[in-house]
Structure formats: structure tokens, C-alpha cells
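Grab a pencil and work through these exercises with the structure open beside you. Try each task yourself before you read its solution.

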Amino acid sequence: MSGRRRGEKESTVRPAPASGDGGVWYSDDPRDIGWVRENIPCQSACPAGTNIPGYIQAIMEKEYGRAYEINREANVLPGILGRICSRPCEDVCRHAQPGNGETVNICHLKRTASDLKHVGHRITESLYTPSGKQVAIVGAGPAGVAAAHDLSLLGHDVTIFERESDPGGMLRYGIPAFRLPRDVLHVELHNALRLGVELRTGVEVGSGEGQTPLTRLGKDFDAVLLSTGSMAPVTLPLKEGVGKDNPDSIEGVEYGLYFLMEMHRGEKKTVGKRVAVVGAGFTALDCARVAKRLGAEEVTIHIRTAEEYIPVTKDEIFECKREGVRIKGLRSPAQLSVDDGGRLRGIEFVQNRLGGWRENGRRAAIPIEGSEFFEPCDTLLIAIGQRTVNDYLDIKLELDRWGSVKADEGGQTSKKGVFAAGDYVSGPTTIIEAVGNGRRVAAGIDTWLMGRQRRRQVVRIEPVDGPLRERGFDFIERQHMPTAPLAGRNKELTREVETGYDEALAATESKRCYLCNLKYQIDVDNCIYCRACIEVAPKNCIKLVEGVEIREDGTYGELLETSEWDEVGAIWIDNNECIRCGACFMVCPTKCISITRNEFVTQDI
């Protein structure tokens, strides 16, 4: 561990190419890279690495098209993810820390960029020259589409093979239109695949009759990417009784995933008056809300633990309950009961109690002996999870202990030239994770095809003249998403529930962002140690330090604070605590405090 002392150079930066972009630097210094990763928690939590402060600032400035483009640089499908993202960014938003209020509505603002951009907005993207390489992608879900987008930009000829009649995977066939309108889905998929990607629908890759074998794709293409997702439902673990091994053979029982997929293929679906859904994820809630719209009088979601541990967004749970769906916790299905005609009449549950935390970060459910009880229902939709399927391939790939395909850091499997991405590798995750992984694997494919890495991530550092937000913005309340009236929406499968921010709501919510990409820094050579900045700081964000820890990888570590003036090496702004109010900047008599915007960008090598 070493301390940073007064007068030591703050950062090693590489000047930008001479392009009239005066005052801007591009840095690959570990300290700058580490600063962005640690001080912009929302971007670090986003699996696609979206520049969240960047696009929110653009919305604040009413530059909606620019905000949309900042989004597309990372997550490819902003209009989609602005509606259905699982929002890991909001879980770590600095605004939600103690004393700071509620988290910023990051996801709703992402949608705003898509909704409010000009109707004639023109997407601009940098293209590489043709490489002459051909890549086959199996599966047109979010991971496959994201990978196809990037590979086409990189100059490769991309062909997607999709077994369904339309692209989108779970986006189209698993998510109801009242959450994701199909016109938005169509536009976003078109924009992602418009640069020469060939889409072949109705083509099934596999070893069966009429299917295209993987070995043929391996011969016809330079690389193959498998991104078929986790499309097989997890079987309901019943203890005994009828339907133990195949519960969906009982009339009135269906797997929720298949129920939604069949409906979205155009099949007419019906439910009984009393519908039970077993499961605690997005699919379970979607099934329950669809059942309500299909005319069910009573819809109940049954979960193993408690509502507070359901791994979906709070807004989704809130709207589900507003629509009349009940959630009952601490129960596991033990066996099914049927009438004389073999039709479902109800479920026998066992009562649970909460146990400790499991490895996956969720609470254990411990059954209570002798606590069995009966719940009547006409329809049961099973949505307890999904798994990957590999037995359709004519090539044996190495699997991990969960039965998923093993892939290295670049996404390559045990078969040379065959890559895998998204839920097909990780098991069921989220849309944003699939998009982020698809893009990372696309970079790995490009490196493998071209024999070298052609792009890298650096930090763009740009001086800022002064504070970009006001202290008063900190006290703005979270702006909630407007929704369609309950009276009409429960009868319509296609009417979007969340109606989106207008300009006024978007402007108000965007002001709440702390703009954590702004770095406030004191020039220790010009600081006169007057303490004026410390006195006006609304939080404990400006500190007396004798040095700063430098980790082995070259990034900043802990501040070495001191209260003894003879040990002070510098007055240091702790950007992890800073709320970017600008009070220190405005009060400094020597103007020794500077502000820079620090953002990740991709640079050609």
C-alpha cells in the first residue's frame, strides 16, 4: 500500500487525436478506469455497461435523440429495455443511500429517450469495412440479436437461424404485449438487424428430420454462435399422487412458459374461474396478469418464501396486485387433486417457514411437517423456472455441472469455432444480462476471427466549466410512472399498462440524478487549505487525507484520512460521497477545484 502525496501527478492520460476536440483526453490509466467503475455504481451494475448519467443529462437538456443514441451504444434495444428491464442499476443508485431519498427512475428515463426522440431521428453508427468472414447465429432472442448487431458493425456477414416465424425469442413469445407493445418490439429489432443481417425464420437447428445440423453450419460459416436461451420449463417437484412426473398431462394444468408462447403464436387460450400460478419470477406474474385478462375471477400466485423476496421489480408486483392478483407466500405444492373426470380440482400445499440465505442470494424455504392444506382451483400455471436444452445438437459440447454449455471468457465452447451466449450458457437470467453477454461474446468472436483484438475500452475525460445541477434538485421526489386506468386494461391483452413520462415528468425526474460521471477534484498545489469547501459541503465528502491507497492493479483504494494538520497531504474530495451539488466549486477562493466528465468509450486499436 502506498500513499498519494501532495504534488504527485493525478493521472497519466493519452491525448486525443488532433480532431478539434480540444481539452479532451482518452486514458487507459488503471486509476481512471477504476474511478469510473467504482464511482458510477449504476453503470457498473448494468450488465451492458450503459452510460446512465450520460443519457440522463441529455434528457435533462431535452436532447432525446442523443439520449437514445447513448443508450444504443451499450444496450442496443433502448425502447424495449426501457419497459421490461430488471433494473439492477436502480438497486445501487446513490440517490437511495441513507439520507439521499429514493432511487432515480433510471429505467423509465431510458424509455423516455425512446418515446420522446424526434419521429425523424436518424441512427448513426460507425461501420468497419467488410471482413469476408461469415457468422451463423442460432436463435434470434436478445443475446443473438445483440451479437448480430455488433458483428455486422464489425464488418462480418451475419445470418440468424430462428425456429419461430418471427424474431425476438422471449421478447416476442414470452412477454405480454401489455408490457411490451409489438410495434416497439418490431422497430427495435429492425434497427438492430438493419445493417445487412440475414434473418432466416422457420429454420430449426438440430439433429432431427428436417432440421439443420450444427455440423453443416460449422462447414458453411467461419464461426457459429448458439443463443437459443433457456426454453424448457422446470418440472414441478410434487411429492406424490396423480401427475407426479408429468403434471401438465392433467386437464387444467399447463406450464406457464408454454402457455404464453402458444398464446403469442396466435393460439386461443382459456382459463378457469379460479387460477393458481406457482412461481415467483416475471413469467409467473405475466401468467397471472394474462389470466385476469382472459376472464379469470380469482387469480392467486403461490410462492415458496415471502413477497419481499420475489426477484422482480416492485412496480411489477404493485401493478399485478392492483389488477386483483393475490400473492400467497410460504407454501410449496405437494400434490395435485383431480375430479372423477380427471380434471384439476385443486392443489395440496405444505406450509413453509423461512430458513437462512442460500448461495444464490435467496432465502431457503423449510417445509413444516404435518402442515398440509388444500386450495381449490380450476387452472394451474406452473412457472417455477426454465432450463437449457442441449440434446438437439449433433455435436457433443462440454457441459458444466448444471447441464449448461461451458464457454471461455470469449464465449468459445469446447468445439473450435462454436460459441455460446446468453441464457443458453448461464441459465435463465434477465433481458439486460442476455444483451450484455451477447455483446461481450460478439467481441470474442471478432477477436478470434481476426486474430487480434480490434477495440478496447478507455476513459474519455472532458473538462466541465461548472456544476451541472443545483442543490435543490436533491429534494425532488421520485416521479412515478403514469398507468392506464384499471377499468379498461384488465380486459385487453394489448393495451400497454405503463403510458410513459411526458416532457414535464421526464425533466423533473432527470434532475434527480447525481450525474456521478462528474469528477470533482482539488489541485493540491493551488489549495491554500482554507477549509471553505469543507464548511459548505452538505455531506462528509471533503476530507483531510495523508494519502490514498493504491491497489496492486493500480486503481485507487481507501482514503488515508487524518485529523492532524501536520499529517495532511491534501484536502481530497471523496467522489463516492459527493452528490455533485457544486457548493465546494462555487466557494473556493483560489478556483483550485476542477470538474471533469469521465465516461467509458470504445476505441479502435
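## Exercise 1: Cysteines

The count of disulfides in this predicted model comes to 0.

**Task.** Where is the nearest cysteine sulfur to C93, and why does C541 form no bond with C578?

**Solution.**

Step 1. Recall what we're looking for: a disulfide is a covalent bond between the sulfur atoms of two cysteines.

Step 2. Take C93: the nearest cysteine sulfur belongs to C42 and is 6.7 Å away, and C93 is in no disulfide.

Step 3. Set the cut-off: the two sulfur atoms have to be within 2.5 Å.

Step 4. Now C541: its closest cysteine sulfur sits in C578 at 5.3 Å, which is too far for a bond.

Step 5. Check how covered these cysteines are. C93 has 10% relative accessibility, so it counts as buried. C541 is buried too, with a relative accessible area of 7%.

## Exercise 2: The whole chain

**Task.** How many helices and strands does the chain have, and how does its radius of gyration sit beside the globule rule?

**Solution.**

Step 1. Count the elements: you should get 20 helices and 24 strands.

Step 2. Put the two radii side by side. The chain has a radius of gyration of 27 Å, and the globule rule gives 25 Å for 605 residues; these are close, so the chain is as compact as a globular protein of that length.

Step 3. Look at the extent: along its principal axes, the C-alpha trace spans about 90 × 55 × 50 Å.

Step 4. Add the burial: 54% of the 605 residues are buried.

Step 5. Finish with contacts. Take those between residues at least 6 apart in sequence: 72% of them join residues at least 24 apart.

## Exercise 3: A sheet and its edges

**Task.** In the open sheet with the order 8-16-9-10-11, which strands stand at the edges?

**Solution.**

Step 1. Read the order: the sheet has 5 strands, and their pairing is parallel.

Step 2. Go to the two ends. Strand 8 (253-255) and strand 11 (326-328) each have a single partner strand, so one side of each is left without a neighbour in the sheet.

Step 3. Follow the twist, which averages 20° from one strand to the next.

Step 4. Zoom in on one pair. Strand 8 is joined to strand 16 (residues 379-382) by 3 bridges, and E254 has L381 of strand 16 as its bridge partner.

Step 5. See what lies across that pair: helix 12 (residues 256-264), which runs at about 80° to strand 8.

## Exercise 4: Two sides of a helix

**Task.** Which residues of helix 14 (residues 314-322) are buried, and which exposed residues are on the face turned away from them?

**Solution.**

Step 1. List the buried residues: E316, I317, E319 and C320.

Step 2. Look down the axis of helix 14. The buried residues fall within an arc of 165°, so they line one face of the helix.

Step 3. Flip to the face turned away from the buried side, and you'll find K314 and F318 exposed.

Step 4. Find what the buried residues pack against: helix 13 (282-293), strand 10 (298-302), strand 11 and helix 17 (486-489).

Step 5. Move on to just after helix 14, where G324 takes a positive phi of about 100°.

Step 6. For contrast, try helix 7 (residues 106-116), which is mostly covered, with 9 of its 11 residues buried. Among them are I106, C107 and H108.

## Exercise 5: From a second sheet to a buried leucine

**Task.** What residue stands opposite V138 in strand 6, and which residues does L217 touch?

**Solution.**

Step 1. Find the sheet: 5 strands in the order 5-4-3-6-18 form an open sheet with parallel pairing. Its edge strands are strand 5 (198-201) and strand 18 (418-420), and each pairs on one side only.

Step 2. Pick out strand 3 (residues 134-138) and strand 6 (residues 223-226), which pair over 4 bridges. V138 stands opposite L226 in strand 6.

Step 3. Switch to L217, found in helix 11 (residues 214-220). With 2% relative accessibility, L217 counts as buried.

Step 4. Leave out residues up to four places away in sequence, and L217 touches V138, F161, V205, T212 and V224.

Step 5. Set sequence beside space: L217 and V138 are 79 residues apart in sequence, yet 9.6 Å apart in space, C-alpha to C-alpha.

How values were computed: Residues numbered from 1 in each chain as written. Predicted model: local features only at pLDDT ≥ 70, side-chain atom pairs only at ≥ 80, totals over all residues. Heavy atoms only, no water. Pairing = 2+ DSSP bridges. Axes fitted to C-alpha atoms, helices over the stretch in contact; angles between N-to-C directions. Contact = heavy atoms within 4.5 Å. Buried < 20%, exposed > 50% of the residue type's maximum accessible area, 1.4 Å probe, protein only. Arc of directions from axis to C-beta. Rg over C-alpha atoms; globule rule 2.2 N^0.38 Å.
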